[in-house]
Amino acid sequence: MAHVPAEQRRQQLVAAAFRVVAREGVAAASTRRIANEAKLPAAVVHYCFHSVDELIDSLMVVVFEEATSVAAVALKSRGTPEKSIRDALHRMWANYRAEPARHKVVFELMAYGLRRPAAERIARRHQGRLGLLAERFLAEVAEANGTHWQTPAAVLGRALISTVDGVLLNWLVDRDDTRTEATLDWLATSLAANAVTTIPGP
(Lines give C-alpha, C1' and ligand atoms only; values in the text may rest on other atoms or scores of the structure.)
Protein backbone atom coordinates (compact mmCIF):
# COMPACT_ATOMS: atom_id res chain seq x y z
CA MET A 1 0.00 0.00 0.00
CA ALA A 2 1.42 3.38 -1.02
CA HIS A 3 2.26 5.79 1.76
CA VAL A 4 -0.55 8.29 2.30
CA PRO A 5 -0.34 11.12 4.89
CA ALA A 6 -2.31 10.39 8.05
CA GLU A 7 -4.52 13.46 7.57
CA GLN A 8 -5.55 12.27 4.14
CA ARG A 9 -6.39 8.86 5.56
CA ARG A 10 -8.46 10.54 8.27
CA GLN A 11 -10.41 12.43 5.62
CA GLN A 12 -11.00 9.22 3.68
CA LEU A 13 -12.28 7.48 6.77
CA VAL A 14 -14.56 10.39 7.72
CA ALA A 15 -15.99 10.34 4.18
CA ALA A 16 -16.51 6.59 4.44
CA ALA A 17 -18.20 6.99 7.83
CA PHE A 18 -20.52 9.57 6.29
CA ARG A 19 -21.62 7.13 3.59
CA VAL A 20 -22.20 4.35 6.12
CA VAL A 21 -24.25 6.60 8.42
CA ALA A 22 -26.25 8.01 5.50
CA ARG A 23 -27.21 4.50 4.35
CA GLU A 24 -27.45 2.53 7.58
CA GLY A 25 -27.33 4.87 10.56
CA VAL A 26 -24.78 5.48 13.31
CA ALA A 27 -25.38 2.05 14.84
CA ALA A 28 -23.89 0.44 11.72
CA ALA A 29 -20.72 2.54 11.81
CA SER A 30 -18.34 -0.09 13.18
CA THR A 31 -14.59 -0.14 12.61
CA ARG A 32 -14.88 -3.00 10.14
CA ARG A 33 -17.85 -1.47 8.29
CA ILE A 34 -16.12 1.89 7.86
CA ALA A 35 -12.82 0.27 6.84
CA ASN A 36 -14.62 -1.83 4.23
CA GLU A 37 -16.40 1.24 2.90
CA ALA A 38 -13.06 3.06 2.60
CA LYS A 39 -11.45 -0.08 1.08
CA LEU A 40 -8.77 0.02 3.76
CA PRO A 41 -7.59 -2.47 6.40
CA ALA A 42 -9.28 -2.10 9.79
CA ALA A 43 -5.83 -1.42 11.28
CA VAL A 44 -5.77 1.91 9.43
CA VAL A 45 -8.84 3.04 11.36
CA HIS A 46 -7.09 2.28 14.66
CA TYR A 47 -3.94 4.03 13.44
CA CYS A 48 -5.81 7.24 12.56
CA PHE A 49 -8.34 7.30 15.41
CA HIS A 50 -8.26 6.07 18.99
CA SER A 51 -11.78 4.68 18.63
CA VAL A 52 -14.85 4.63 16.41
CA ASP A 53 -16.36 7.23 18.73
CA GLU A 54 -13.49 9.60 17.95
CA LEU A 55 -14.05 8.99 14.23
CA ILE A 56 -17.77 9.73 14.55
CA ASP A 57 -16.96 12.87 16.55
CA SER A 58 -14.74 13.99 13.67
CA LEU A 59 -17.60 13.29 11.27
CA MET A 60 -19.91 15.40 13.44
CA VAL A 61 -17.51 18.35 13.30
CA VAL A 62 -17.27 18.17 9.50
CA VAL A 63 -21.00 17.71 8.87
CA PHE A 64 -22.06 20.38 11.36
CA GLU A 65 -19.56 22.91 10.00
CA GLU A 66 -20.95 22.34 6.51
CA ALA A 67 -24.51 22.77 7.81
CA THR A 68 -23.53 26.00 9.56
CA SER A 69 -21.94 27.31 6.35
CA VAL A 70 -25.15 26.57 4.42
CA ALA A 71 -27.20 28.43 7.04
CA ALA A 72 -24.78 31.39 6.99
CA VAL A 73 -25.23 31.75 3.23
CA ALA A 74 -29.01 31.38 3.42
CA LEU A 75 -29.65 33.75 6.32
CA LYS A 76 -29.16 37.09 4.58
CA SER A 77 -31.38 40.16 4.78
CA ARG A 78 -32.73 41.05 1.33
CA GLY A 79 -35.96 43.05 1.44
CA THR A 80 -38.87 43.43 3.82
CA PRO A 81 -38.96 41.31 6.99
CA GLU A 82 -41.36 38.80 5.46
CA LYS A 83 -39.52 38.58 2.14
CA SER A 84 -36.12 38.28 3.84
CA ILE A 85 -37.32 35.48 6.09
CA ARG A 86 -39.22 33.67 3.34
CA ASP A 87 -36.28 33.84 0.94
CA ALA A 88 -33.86 32.65 3.62
CA LEU A 89 -36.09 29.70 4.53
CA HIS A 90 -36.48 28.70 0.89
CA ARG A 91 -32.71 28.90 0.34
CA MET A 92 -32.23 26.55 3.29
CA TRP A 93 -34.98 24.30 1.93
CA ALA A 94 -33.45 24.21 -1.57
CA ASN A 95 -30.15 22.96 -0.17
CA TYR A 96 -31.91 20.43 2.00
CA ARG A 97 -34.03 19.12 -0.86
CA ALA A 98 -30.96 18.81 -3.09
CA GLU A 99 -29.02 16.73 -0.52
CA PRO A 100 -31.46 14.84 1.70
CA ALA A 101 -28.87 12.20 2.60
CA ARG A 102 -26.58 14.84 4.10
CA HIS A 103 -29.34 16.21 6.29
CA LYS A 104 -30.45 12.73 7.30
CA VAL A 105 -26.91 12.32 8.62
CA VAL A 106 -27.27 15.59 10.55
CA PHE A 107 -30.34 14.24 12.35
CA GLU A 108 -28.63 10.89 12.98
CA LEU A 109 -25.60 12.58 14.48
CA MET A 110 -27.66 14.98 16.58
CA ALA A 111 -29.43 12.05 18.23
CA TYR A 112 -26.09 10.28 18.68
CA GLY A 113 -24.69 13.44 20.26
CA LEU A 114 -27.12 13.15 23.16
CA ARG A 115 -25.57 9.86 24.25
CA ARG A 116 -21.93 10.80 24.83
CA PRO A 117 -20.55 13.86 26.67
CA ALA A 118 -17.88 14.66 24.05
CA ALA A 119 -20.37 14.35 21.20
CA GLU A 120 -22.97 16.32 23.14
CA ARG A 121 -20.56 19.25 23.38
CA ILE A 122 -20.12 19.20 19.60
CA ALA A 123 -23.89 19.11 19.08
CA ARG A 124 -24.48 21.89 21.61
CA ARG A 125 -21.85 24.08 19.98
CA HIS A 126 -23.46 23.52 16.58
CA GLN A 127 -26.93 24.45 17.81
CA GLY A 128 -25.51 27.49 19.55
CA ARG A 129 -23.86 28.69 16.35
CA LEU A 130 -27.08 28.21 14.38
CA GLY A 131 -28.99 30.17 17.01
CA LEU A 132 -26.51 33.04 16.81
CA LEU A 133 -26.71 33.08 13.01
CA ALA A 134 -30.50 33.29 13.17
CA GLU A 135 -30.39 36.00 15.83
CA ARG A 136 -27.94 38.11 13.80
CA PHE A 137 -30.01 37.59 10.67
CA LEU A 138 -33.14 38.87 12.38
CA ALA A 139 -31.23 41.83 13.82
CA GLU A 140 -30.00 42.70 10.31
CA VAL A 141 -33.54 42.40 8.94
CA ALA A 142 -34.86 44.76 11.59
CA GLU A 143 -32.09 47.30 11.07
CA ALA A 144 -32.46 47.27 7.29
CA ASN A 145 -36.20 47.92 7.55
CA GLY A 146 -36.30 50.44 10.38
CA THR A 147 -38.19 48.01 12.58
CA HIS A 148 -37.67 46.15 15.83
CA TRP A 149 -38.89 42.81 17.13
CA GLN A 150 -41.53 42.74 19.84
CA THR A 151 -40.03 39.45 21.02
CA PRO A 152 -36.23 39.29 21.57
CA ALA A 153 -34.37 38.24 18.41
CA ALA A 154 -32.66 35.47 20.38
CA VAL A 155 -36.05 33.88 21.11
CA LEU A 156 -37.29 34.33 17.54
CA GLY A 157 -34.01 32.92 16.21
CA ARG A 158 -34.39 29.82 18.35
CA ALA A 159 -37.99 29.45 17.15
CA LEU A 160 -36.87 29.81 13.54
CA ILE A 161 -34.14 27.16 13.76
CA SER A 162 -36.24 24.75 15.84
CA THR A 163 -39.27 25.02 13.57
CA VAL A 164 -37.24 24.61 10.38
CA ASP A 165 -35.61 21.50 11.85
CA GLY A 166 -39.05 20.03 12.54
CA VAL A 167 -40.47 20.96 9.14
CA LEU A 168 -37.52 19.48 7.29
CA LEU A 169 -37.49 16.33 9.40
CA ASN A 170 -41.17 15.91 8.53
CA TRP A 171 -40.26 16.24 4.85
CA LEU A 172 -37.74 13.41 5.20
CA VAL A 173 -40.68 11.25 6.25
CA ASP A 174 -43.40 12.28 3.77
CA ARG A 175 -41.42 14.03 0.94
CA ASP A 176 -44.36 16.41 0.47
CA ASP A 177 -42.79 19.43 -1.27
CA THR A 178 -46.02 21.43 -1.53
CA ARG A 179 -46.89 21.27 2.16
CA THR A 180 -43.29 21.88 3.16
CA GLU A 181 -43.10 25.06 1.10
CA ALA A 182 -46.49 26.23 2.39
CA THR A 183 -45.35 25.64 5.97
CA LEU A 184 -42.15 27.63 5.42
CA ASP A 185 -44.21 30.48 3.95
CA TRP A 186 -46.49 30.39 7.00
CA LEU A 187 -43.47 30.51 9.29
CA ALA A 188 -42.07 33.54 7.45
CA THR A 189 -45.40 35.38 7.71
CA SER A 190 -45.77 34.49 11.40
CA LEU A 191 -42.27 35.64 12.33
CA ALA A 192 -42.50 38.82 10.24
CA ALA A 193 -45.73 39.76 12.06
CA ASN A 194 -43.60 40.26 15.16
CA ALA A 195 -41.80 43.21 13.54
CA VAL A 196 -43.03 46.70 14.32
CA THR A 197 -41.89 50.04 12.94
CA THR A 198 -39.40 51.83 15.13
CA ILE A 199 -40.62 55.31 16.04
CA PRO A 200 -37.79 57.88 15.86
CA GLY A 201 -36.97 59.62 19.09
CA PRO A 202 -37.67 63.33 19.61
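A pocket, as the word is used here, is an open set of grid points where a 1.4 Å probe fits, with protein on both sides within 12 Å along at least five of seven lines. With that in hand, let's work through some exercises on this predicted model.

**Exercise 1. Describe the largest pocket: how much space lies in it, and which residues are closest to its centre?**

Step 1. Start with the volume: the largest pocket holds about 330 Å³ of space.

Step 2. Now look at the lining. It has 17 residues, and Ala67, His103, Val106, Leu130 and Asp165 are the closest to the centre.

Step 3. Next, ask which elements contribute. Two or more lining residues come from each of H4, helix H5 (81–98), helix H6 (100–113), H7 and H8.

Step 4. Finish with the chemistry: twelve of the lining residues are nonpolar, four are polar and one is charged.

**Exercise 2. Do the same for the second largest pocket: which residues line it, and how do they divide by class?**

Step 1. The space in this pocket comes to about 240 Å³.

Step 2. Find the lining residues in the structure: Gln127, Gly128, Gly131, Leu132, Glu135, Ala154, Gly157, Arg158, Ile161 and Ser162.

Step 3. Assign them to elements. At least two come from H7, and at least two from H8.

Step 4. Sort them by class, and you should get three nonpolar, five polar and two charged residues.

**Exercise 3. Work out how H4 and H7 are oriented to each other: roughly parallel or roughly perpendicular?**

Step 1. Recall what is needed. Two packed helices are described by the angle between their axes and the distance between the axes.

Step 2. Take the values: helix H4 (residues 52–74) packs on helix H7 (residues 117–145) at about 5°, and the axes are 10 Å apart.

Step 3. Apply the cut-off. Angles under 35 degrees count as roughly parallel, so H4 and H7 are roughly parallel to each other.

Step 4. Locate the contact. H4 brings Asp57, Met60, Val61, Phe64, Glu65, Ala67, Thr68, Ala71 and Ala72. From H7 come Ala118, Ala119, Ile122, Ala123, Arg125, His126, Arg129, Leu130 and Leu133.

Step 5. Classify the residues of this contact: twelve are nonpolar, two polar and four charged.

Step 6. Link back to Exercise 1. Ala67 and Leu130 belong to the H4 and H7 contact, and both are among the residues closest to the centre of the largest pocket.

**Exercise 4. Now try H1 and H6: at what angle do their axes cross, and which residues make the contact?**

Step 1. The axes of helix H1 (residues 6–24) and H6 cross at roughly 85° and come within 9 Å.

Step 2. Angles of 65 to 115 degrees count as roughly perpendicular, and H1 is therefore roughly perpendicular to H6.

Step 3. On the H1 side, the contact is made by Phe18, Val21 and Ala22. H6 answers with Ala101, Arg102, Lys104, Val105 and Glu108.

Step 4. By class, this contact has five nonpolar residues, no polar ones and three charged ones.

**Exercise 5. Place Trp171 in its surroundings: is it buried or exposed, and which residues does it touch?**

Step 1. Find Trp171 in helix H8 (residues 153–174).

Step 2. Check its accessibility. Buried means under 20% relative accessible area, and Trp171 is buried because its value is 4%.

Step 3. List the neighbours, leaving out residues up to four places away in sequence: Trp93, Tyr96, Arg97, Pro100, Asp176, Asp177 and Thr180.

Step 4. Pick out one of them, Pro100. Its C-alpha atom lies 9.5 Å from that of Trp171, although 71 residues separate the two along the chain.

**Exercise 6. Examine Lys39 and Arg175: where does each lie, and what is its phi?**

Step 1. Lys39 sits in the loop between helix H2 (31–38) and helix H3 (42–48). Its phi is near 60°, a positive value in a residue other than glycine.

Step 2. With a relative accessibility of 71%, Lys39 counts as exposed.

Step 3. Arg175 is in the loop between H8 and helix H9 (177–192), and its phi, near 50°, is also positive.

Step 4. Arg175 has a relative accessible area of 41%, so it is partly exposed.

How values were computed: Residues are numbered from 1 along each chain as its sequence is written. This is a predicted model: local features need pLDDT of at least 70, side-chain atom pairs count only at pLDDT 80 or more; totals for chains, interfaces and linings use all residues. Side-chain values use heavy atoms; hydrogens and water are left out. Axes are lines fitted to C-alpha atoms, for helices over the stretch in contact, and angles run from 0 to 180 degrees between N-to-C directions. Helices (H or I, at least four residues) and strands (E, at least two) are DSSP runs, numbered from the N terminus. Angles under 35 degrees count as roughly parallel, over 145 as roughly antiparallel, 65 to 115 as roughly perpendicular and the rest as oblique. Contact means heavy atoms within 4.5 Å. Ala, Val, Leu, Ile, Met, Phe, Trp, Tyr, Cys and Pro count as nonpolar, Asp, Glu, Lys and Arg as charged, and the others, Gly among them, as polar. Buried means under 20% relative accessible area, exposed over 50%, partly exposed in between (1.4 Å probe, protein chains only). On a 1 Å grid over the protein atoms alone, a cavity is a set of points where a 1.4 Å probe fits but cannot get out, and a pocket is an open set with protein on both sides within 12 Å along at least five of seven lines; lining residues have an atom within 4 Å of a point. Grid points are joined across faces, edges and corners, and a volume is the space filled by probe spheres set on the points.
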